[in-house]
Amino acid sequence: MSKLTPLIAIQASGINASLGHAHILKDIDLALPGGRWTSIVGPNGAGKSTLLKVLAHLLPHTGSITLLGQPLAKLPAKRRAQQMAWLGQNEVTGDDLTVWDVAMLGRLPHQAWLAAPSAADHAAVEQALRATQAWDWRGRTLGQLSGGERQRVLLARALAVQAQVLLMDEPLANLDPPHQADWLHMVRGLIAQGKTVVSVLHEISMALHADDMLIMAQGRITHQGACGDAATHRALEMVFEGRIAIHALAGQWVALPK
Ligand code: ADP
Ligand code: MG
């Protein structure tokens, strides 16, 4: 971990959030360690996406959140967007935008109003598109890509921000196994640079590759702990009602259906 990485990247206390008339997040307290990868898991409807949106300052809520030690609500929007990149679940994007333009959207927090992209913006976009192997399609529009290809472009947009903290909601959706493996390597690379990654993951075996795990059910956190801890494995099995079991396989933890 770099010296500049604070111990806690995101801290939240007393978080409550509603969608429509439904009270979704209930009294959430959490501390996400900096320079580590935390995966958020739990059954459908547990409130994972809602929590990630609240942490990204995209949804109204009560309670307080700090990002890298600063109160999130007081942080200017641009500064917040420089420090925290976001990849949403099932994001809708303009089919007419080119791959290059979508990745360049990730540079908006770094650009002056209506200013032309700088050399640094171009370099960041190229690096991000190459990292997700989307570089060859840079001239194509999103409408000309498959779901998985599109997902890699959205990932490139998030990478292009070069933020200290990355929040990703089901980033592996539509990705084939080789690109899921690439994503894992990419996250490991970000962590090695001292960045913080928080991802909601559907695939429990992928989620177990993370450093830490946050388990949710019914709008609450039921467990937070290291992915290698037996207590985390028991909490995982419990939240999925004993329908999965965690095993060690080839030096890695995997979730198998029971
Ligand atoms: P997860 O990502 O864990 O699957 P979500 O955070 O997307 O769960 O949703 C949490 C709960 O909020 C679900 O029960 C869902 O049905 C409900 N919900 C989502 N959007 C709305 C809405 N606009 N109004 C009311 N309830 C909603
Ligand atoms: Mg979700």
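Helices here are DSSP runs of at least four residues, numbered from the N terminus. With that in hand, a good place to start in this predicted model is the surroundings of ligand 1. Helix H1, which spans residues 48–55, gives the most to the shell around this ligand, with three residues. The full set around ligand 1 is Leu19, Ile24, Pro43, Asn44, Gly45, Ala46, Gly47, Lys48, Ser49 and Thr50. Sorted by character, the shell comes out as four nonpolar residues, five polar ones and one charged.

Some of these neighbours line up with particular atoms of the ligand. Glycine 45 brings a backbone N or O atom to 2.8 Å from an oxygen atom of ligand 1. At leucine 19, a backbone N or O atom sits 3.4 Å from a nitrogen atom of the ligand. Serine 49 uses its side chain instead, with an N or O atom there 2.9 Å from an oxygen atom of ligand 1. As for cover, ligand 1 on its own would expose 570 Å², and the protein buries 56% of that.

Elsewhere in the chain, helix H8 (residues 230–239) has its own set of buried residues: Thr232, His233, Ala235, Leu236, Glu237 and Val239. An α-helix has 3.6 residues a turn, so residues three or four places apart point the same way. The cover over the buried part of H8 includes helix H7 (204–207) along with several strands, among them E3 (37–41), E9 (212–217) and E10 (220–226). Strands E11 (244–249) and E12 (252–257) belong to that cover too. After H8 comes glutamate 241, which has a positive phi, near 55°.

Technical notes:
Residues numbered from 1 in each chain as written. Chains lettered and ligands numbered in written order. Predicted model: local features only at pLDDT ≥ 70, side-chain atom pairs only at ≥ 80, totals over all residues. Heavy atoms only, no water. Near = heavy atom within 4 Å. Polar contact = N/O pair within 3.5 Å; in protein donor to acceptor, adjacent residues only side chain to side chain. Areas by Shrake-Rupley, 256 points an atom, 1.4 Å probe, with all protein chains shown as cover. Helix = DSSP H or I, 4+ residues; strand = E, 2+ residues; numbered from the N terminus. Nonpolar A, V, L, I, M, F, W, Y, C, P; charged D, E, K, R; others polar. Buried < 20%, exposed > 50% of the residue type's maximum accessible area, 1.4 Å probe, protein only. Contact = heavy atoms within 4.5 Å.
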